[in-house]
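This report concerns the structure shown below. Please keep the sequence and the coordinates at hand while reading.

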Amino acid sequence: MVNKIVVVTAHPGDFIWSSGGTLYKYSQSGCEIHVIALTDGLRCESPIMITDDCSLEGKRRQIESASSLLNITSVTFLGYDDMPLEIDNSGIIKIASIMNEMNPDIILTHAYCRDNTNPDHEAAAEIVNKAAEIASSNHKIFKNTMRSRPIPIFGFEPDNPENSRWIPGTFIDITPCMDMKMEAITRLPGFADRSARTYEQAVNRAIYCSGRGGVNGCKYAEAFSGSTPICDHGYFVW
Ligand SMILES: [Zn+2]
């Protein structure tokens, strides 16, 4: 049972195009969704995201508008610089501390792979994996050792998966949630050019999800990769 998901993104808008359908689906079953944006995306996203309201506050309002549509429980802006995204060890400990306190069942973030089109995404994956490992198991830093095993981490499908040599491992059927995801994208006027691509990607992933995956009736899907082993008391996960 997944009761709490923490999503860590390089830029504030990343969670919407990458996993908005999955997050909305989980929220519908009562799961808490907490988003942590490492940066405000001022260099990466602002030229396209800030349109009518050319201010940081305006951009955050756009994100919060989309978040409320997807039933996101909270959004935290950490305010690091982007392009390039660099966070030192004290920053990683700070992120680990937040994770430790939130104690999620799952973490979603950028895939642990090369991302030639957006190095911040690649950097974020490394930072999040380090922080999660510290949050999960380093009882020398955190007195409340919260877990007996590391937090499972799943990676978003990158912008250009083929160029990133990325291979999907988990498909989520988002058919009932697709309308809400597309509506959330419209709350960010600068993401207008992303709508068609996001739609087509969901259709393509549904082909595998419904075909080899056997998920009958799946028309739209999101894909993820795992960066930690999945262990179960029972049988193969299927
Ligand atoms: Zn991004």
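## Surroundings of Ile-87

Apart from neighbours within four places in sequence, Ile-87 is in contact with Leu-38, Tyr-80, Ile-92 and Ile-127; two residues are in contact if their C-beta atoms, placed from the backbone, lie within 7 Å. The model is predicted: local features need pLDDT of at least 70, side-chain atom pairs count only at pLDDT 80 or more, and totals for chains, interfaces and linings use all residues. Residues are numbered from 1 along each chain as its sequence is written.

Ile-87 is located in the loop between β3 (74-80) and α4 (89-102). Helices (H or I, at least four residues) and strands (E, at least two) are DSSP runs, numbered from the N terminus. Ile-87 counts as buried because it has 22 C-beta neighbours inside 10 Å. A residue is buried if 20 or more other C-beta atoms lie within 10 Å of its own, exposed if 12 or fewer, and partly exposed in between, with C-beta atoms placed from the backbone. The C-alpha atoms of Ile-87 and Ala-123 are 8.9 Å apart, although 36 residues separate the two along the chain.

## Strand β4 and the sheet

An open sheet of seven strands, with mixed pairing, has the order β3-β2-β1-β4-β5-β7-β6. Its edge strands are β3 and β6 (170-173), each of which pairs on one side only. Two strands pair if DSSP finds at least two bridges between them.

Strand β4 (residues 106-110) is largely enclosed by the rest of the structure, because four of its five residues are buried. β4 pairs in the parallel sense with strand β1 (residues 4-9) over three bridges, and in the parallel sense with strand β5 (residues 153-156) over four bridges. Bridge partners include the following.

| Residue of β4 | Bridge partner | Strand of partner |
|---|---|---|
| Ile-106 | Ile-5 | β1 |
| Leu-108 | Val-7 | β1 |
| His-110 | Phe-156 | β5 |

## Helices α6 and α7

Helix α6 (residues 178-186) packs with helix α7 (residues 195-210) at an angle of about 160 degrees, their axes 10 Å apart. Axes are lines fitted to C-alpha atoms, for helices over the stretch in contact, and angles run from 0 to 180 degrees between N-to-C directions. The two helices, α6 and α7, are therefore roughly antiparallel; angles under 35 degrees count as roughly parallel, over 145 as roughly antiparallel, 65 to 115 as roughly perpendicular and the rest as oblique. Met-178, Met-182 and Ile-185 of α6 make the contact with Ser-195, Thr-198, Tyr-199 and Ala-202 of α7.
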